[in-house]
Amino acid sequence: MKKIVLLAMGMVSVLVAQAQNEQVKQNPQSSEIWTPVPPVITPGVPGPTATGTTAPSDAIVLFDGRNTDQWVAIKGYAPSAWENTNEGPLKWPVTDGVMYSTKGFSARSKQEFNDFQLHIEFKTPEKVEGTGQGRGNSGIFLQGRYELQVLDNYDNPTYVNGMVGSIYKQAIPLANPSRKPGEWQTYDIIYTAPHFNKNGLMTQPAHVTVLLNGVLVQNHTAIKGTTEYIGYPRVQPHGKGPILLQDHGNPVGFRNIWVREL
Ligand code: MG
């Protein structure tokens with residue numbers, strides 16, 4: 001009797017499995033998704049030698065080689081000094097499609113952003129001067145607070161959480177794909193802003209993925225807080241923020257700067 005019951009149960013389970021297989025029987029089309037269709041955009045194309053690759057058609061262009069109209073000047077090079085400062089139009093010189101950081105003033109984009117993709121090209125001075133942090137130093141402050149370091153690290157050692165590709169004093173880059181001083185280098189950055197609750201507590205940190213010269217140097221890195229030269233990151237609730245380009249006393253050239261909001 002027991003055997004008959006077990007046999008019957010076995011047959012039932014085979015039948016159920018067969019029925020399920022019938023139900024989920026699939027063809028190639030059943031796993032295809034057709035909508036929504038991603039927007040069609042025109043990617044950048046190689047431009048004249050001086051300007052690099054052009055921006056894709058849906059990008060917000062912050063610098064196209066002509067003028068610094070999308071930027072204002074701010075005093076100094078540390079975020080604390082930049083808060084609430086606006087020294088008027090940015091007077092960084094623009095030569096042959098390149099704008100150069102100039103002593104005493106950093107650059108703040110007029111537009112502010114939440115989540116974004118940022119493309120930017122830079123070159124550190126061809127004439128090598130200084131060592132460590134004193135050589136080709138600049139930086140890209142995401143939302144005006146979190147520094148992705150720009151530094152000439154071609155055969156120029158420094159503390160690794162302050163080298164090019166680092167989130168300054170927070171995250172060491174995965175590699176050092178630096179080009180030689182004076183050669184153009186590219187940063188492609190994907191950034192998602194932190195979230196804060198109504199009490200100002202951070203419920204989700206900012207994340208950043210960075211390619212330097214096409215090589216992954218930050219992989220969905222969580223940002224702990226503000227960039228501090230002395231001490232540790234601070235959590236500071238905020239909304240949209242600008243892109244800041246740091247002046248650190250070295251004339252670093254920038255070109256082809258564009259953002260796509262995400
Ligand atoms: Mg810097």
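**Exercise 1. Asn 213 lies in the loop between strand S12 (206–212) and strand S13 (215–223); work out what is unusual about its phi and whether it is buried or exposed.**

Before you start: this is a predicted model, where local features need pLDDT of at least 70, side-chain atom pairs need 80 or more, and totals for chains, interfaces and linings use all residues. Residues are numbered from 1 along each chain as its sequence is written, and side-chain values use heavy atoms, with hydrogens and water left out.

*Solution.*
- Step 1: strands (E, at least two residues) and helices (H or I, at least four) are DSSP runs numbered from the N terminus.
- Step 2: phi of Asn 213 is about 55 degrees, so you have a positive value in a residue that is not a glycine.
- Step 3: Asn 213 has 14% relative accessibility, so it counts as buried (under 20%; exposed is over 50% and partly exposed in between, with a 1.4 Å probe and protein chains only).

**Exercise 2. Do the same for Asp 96: which loop holds it, and is it buried or exposed?**

*Solution.*
- Step 1: Asp 96 sits in the loop between strand S3 (94–95) and strand S4 (98–100).
- Step 2: its phi is near 50 degrees, again positive without being a glycine.
- Step 3: relative accessibility comes to 66%, so Asp 96 is exposed.

**Exercise 3. Where is Pro 36, and what kind of peptide bond joins Thr 35 to Pro 36?**

*Solution.*
- Step 1: look in the loop between helix H1 (2–23) and strand S1 (60–63); Pro 36 is there.
- Step 2: check omega for Thr 35 and Pro 36, which is about -5 degrees, and you have a cis peptide bond.

**Exercise 4. Which residues coordinate the magnesium ion, and how are the donor residues spaced in sequence?**

*Solution.*
- Step 1: collect the donors (N, O and S atoms within 2.8 Å of the metal, or 3.2 Å for Na, K and Ca; water isn't among the atoms, so sites may look incomplete).
- Step 2: at 2.2 to 2.4 Å you get Asn 137 through OD1, Ser 138 through O, Glu 147 through OE, and Gln 149 and Gln 246 through OE1.
- Step 3: written as a pattern, the spacing is N-S-x8-E-x1-Q-x96-Q.
- Step 4: Asn 137 and Glu 147 are 10 residues apart, with Asn 137 in the loop between strand S6 (116–123) and strand S7 (138–142), and Glu 147 in strand S8 (residues 146–150).
- Step 5: Asn 137 is buried, at 2% relative accessibility, and Glu 147 is buried too, at 4%.

**Exercise 5. What is the strand order of the open five-stranded sheet, and why is one side of S2 and of S8 left without a neighbour?**

*Solution.*
- Step 1: pair up the strands (DSSP must find at least two bridges between them).
- Step 2: the order reads S2-S5-S14-S7-S8, with antiparallel pairing.
- Step 3: strand S2 (71–75) and S8 each have a single partner strand, so they are the edges and one side of each has no neighbour in the sheet.
- Step 4: zoom in on S2 and strand S5 (residues 105–109), which pair antiparallel over five bridges; within that pairing, Val 72 has Arg 108 as its bridge partner.

**Exercise 6. What volume does the largest pocket have, and which residues lie nearest its centre?**

*Solution.*
- Step 1: set up a 1 Å grid over the protein atoms alone: a pocket is an open set of points with protein on both sides within 12 Å along at least five of seven lines, a cavity is a set where a 1.4 Å probe fits but cannot get out, and lining residues have an atom within 4 Å of a point.
- Step 2: the largest pocket holds about 580 Å³.
- Step 3: its lining has 31 residues, with Ala 78, Pro 79, Ser 80, Phe 141 and Thr 227 nearest the centre.
- Step 4: helix H2 (79–82) and S8 each give at least two lining residues, and H2 has the largest share, at three.

**Exercise 7. How many cavities of 30 Å³ or more are there?**

*Solution.*
- Step 1: the count is one.
- Step 2: the largest cavity is about 40 Å³, and its lining residues include Tyr 146, Phe 196, Met 202 and Arg 234.

**Exercise 8. Which side chain does the Asn 256 side chain contact?**

*Solution.*
- Step 1: find Asn 256 in strand S15 (residues 253–261), where it is buried at 9% relative accessibility.
- Step 2: its side chain makes a polar contact with that of Glu 121 at 2.7 Å (N or O atoms within 3.5 Å; within protein, one able to donate a hydrogen and the other to accept it, and residues adjacent in sequence count only if both atoms are side-chain atoms).

How values were computed: Points joined across faces, edges and corners; volume = space filled by probe spheres on them.
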